[in-house]
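Visitor: I've got a spare half hour and a fresh cup of coffee. Could you walk me through this one?

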Amino acid sequence: MSGPFAAPPDAATRCCAVYGHPVRHSASPAFQNAGLGALGLNWRYLAFEVRPEQLRAAIEGARAMRFIGLNLTVPHKLLALEMVDILDDSARLWGAVNTIRFEARDASGQWQPLRQFETDIPAEVRAQGFNTDADAITRSLSEDLGISAAGARVLLLGAGGAGRAAALKLAADGVGELFLVNRTPRKAEAVAAEIAQRFPGARCHVGYPERPVDLVLNATSLGLNAGDPPPLDERLFPFQRAGAAYDMVYRPAETPFLRAARQAGLRTANGVGMLLYQGAAALELWTGRTAPVDVMRQALLKSVYV
Ligand SMILES: NC(=O)c1ccc[n+]([C@@H]2O[C@H](COP(=O)([O-])OP(=O)(O)OC[C@H]3O[C@@H](n4cnc5c(N)ncnc54)[C@H](OP(=O)(O)O)[C@@H]3O)[C@@H](O)[C@H]2O)c1
């Protein structure tokens, strides 16, 4: 049969899903199903359009139907903090939930992921919330650009949800010096204040740096649409003063930001790695097995670019 699975779904098939609004653009089903198929699991990963006001009911529905777990994307990650039974340290630390794992008690009373119960799943099932987004940022910087946060000088453009998460994660990982630039300066100032409070040793400033940086990181949404203004003001900071450029935007594969960076001689990577690694970490939380990252990457690239 075609596709990643050895057999069609049947009455024993277990489900995972992503909830979002909108969700139609999501590449997660393509690469998560490739991963599940490669692991030989009779599971399926689906995508559901869920409005924020129905998120709680949708999570309860998945719990009642004994789903293995969920991913949450825009606009659900903050709302879900109040809708799960327990938060893993990752969700508490980063203040957002992008992955839920359903769990039940085994014979000794220990909470175990639902994958461990094939039949006779106990009536009491809890939802544990995790965050795999923050680690995915630094894993992608490391694997795709060879850049470690520790000691690096970074210019970060954008202070929305993704920019804030990147800034906090870089600070947590010992960034050498971090410069925050955002269209709305008070948002960058708020992120800098949060870093000062949570990571007092971190060197974080608002505004463009005067000296060169190792990395310029675009965490704005600019580049998604043709005709967007550039996220970097090259009059204030020319690309030539950076060693590498990373764009969280990954459609198109080479955004105008990355093209300009490449033409200036920088090493470049787009945000497809972030998407891949947050998903691979979720798959590992659900399955307890190492994610087949290469298979997942191929399926992701095919889904996004072919
Ligand atoms: N690769 C991945 O896996 C991944 C994961 C998460 C996010 N992303 C991407 O990262 C980007 C940001 O996501 P987000 O969740 O942080 O979104 P968000 O919370 O809506 O933040 C948007 C950011 O873009 C800035 N911005 C938007 N329009 C602008 C304009 N016309 N001029 C200047 N700045 C502008 C905003 O500045 P203001 O604060 O001034 O509005 C803000 O900093 C999106 O493109 C998203 O697709 C990728």
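Visitor: Which residues are the closest to the ligand?
Guide: Keep in mind that this is a predicted model. In it, 20 residues surround the ligand. The closest of them are Ala-162, Asn-182, Thr-184, Lys-187 and Gly-271.

Visitor: What is the distance from an oxygen atom of the ligand to a polar backbone atom of Ala-159?
Guide: Backbone atoms turn up in several of these pairs, so let's go through them by residue, using the 3.5 Å cut-off for a polar contact. An oxygen atom of the ligand is 3.4 Å from a polar backbone atom of Gly-160, and for Leu-275 the figure is 3.3 Å. For Ala-159, the distance is 3.1 Å.

Visitor: How much of the ligand's exposed area does the protein bury?
Guide: Start with the ligand taken alone, which exposes 910 Å². Now put the protein back, and the share of that area it buries is 71%.

Visitor: Which elements give two or more residues to the shell around the ligand?
Guide: The space the ligand takes is the largest pocket. Look around the ligand there for elements giving two or more residues to its shell, and you get α5 (161-172) and α8.

Visitor: Which helix gives the most to the largest nonpolar core?
Guide: That core has 51 residues, and those touching the most other members are Tyr-19, Leu-55, Ile-59, Leu-70, Ile-100, Phe-102 and Leu-300. The top helix gives 8 residues, and it spans 272-287. That makes it helix α8.

Visitor: How many residues are in the second, separate core?
Guide: Look for Ala-167, Leu-180, Phe-199 and Leu-217, which are included in it. The second core's count is 34 residues.

Visitor: Is Glu-177 buried or exposed, and which side chain makes a polar contact of 2.7 Å with it?
Guide: Glu-177 lies in strand β9 (residues 177-181), and it counts as buried because its relative accessibility is 8%. Its side chain is joined to that of Arg-203 by a polar contact of 3.4 Å. The 2.7 Å contact is with the side chain of His-205.

Visitor: What separates the C-alpha atoms of Asn-98 and Ala-281?
Guide: Asn-98 is in the loop between α3 (89-94) and β5 (99-105). With 1% relative accessibility, Asn-98 counts as buried. Along the chain, Asn-98 and Ala-281 are 183 residues apart, but their C-alpha atoms are separated by 11 Å.

Visitor: Which residue does a cis peptide bond join to His-21?
Guide: Most peptide bonds are trans, so a cis one is worth a look. Arg-251 to Pro-252 is cis, with omega near 5°, and Pro-252 is in the loop between β12 (242-247) and α7 (256-263). For His-21, omega is about 5° and the partner sits in the loop between β1 (14-20) and α1 (28-38). That partner is Pro-22.

Visitor: Is Asp-120 buried or exposed?
Guide: Asp-120 has a positive phi of about 50° although it is not a glycine, and its place is in the loop between β6 (111-113) and β7 (125-130). Its relative accessibility is 72%, and the cut-off is over 50%, so Asp-120 counts as exposed.

Visitor: And what does Arg-66 count as?
Guide: Arg-66 has a positive phi too, about 60°, and is not a glycine either. You'll find Arg-66 in the loop between α2 (55-64) and β3 (69-72). At 22% relative accessibility, Arg-66 counts as partly exposed.

Note on methods:
Residues are numbered from 1 along each chain as its sequence is written. This is a predicted model: local features need pLDDT of at least 70, side-chain atom pairs count only at pLDDT 80 or more; totals for chains, interfaces and linings use all residues. Side-chain values use heavy atoms; hydrogens and water are left out. A nonpolar core is a set of buried Ala, Val, Leu, Ile, Met, Phe, Trp, Tyr and Cys residues joined through side-chain atoms within 4.5 Å. Buried means under 20% relative accessible area, exposed over 50%, partly exposed in between (1.4 Å probe, protein chains only). Helices (H or I, at least four residues) and strands (E, at least two) are DSSP runs, numbered from the N terminus. A residue is near a molecule or strand if one of its heavy atoms lies within 4 Å of it. A polar contact is a pair of N or O atoms within 3.5 Å; within protein, one must be able to donate a hydrogen and the other to accept it, and residues adjacent in sequence count only if both atoms are side-chain atoms. Accessible areas come from the Shrake-Rupley method with a 1.4 Å probe; for residues, only the protein chains shown count as cover. On a 1 Å grid over the protein atoms alone, a cavity is a set of points where a 1.4 Å probe fits but cannot get out, and a pocket is an open set with protein on both sides within 12 Å along at least five of seven lines; lining residues have an atom within 4 Å of a point. A molecule sits in a cavity or pocket if more than half of its atoms lie within 2 Å of its grid points.
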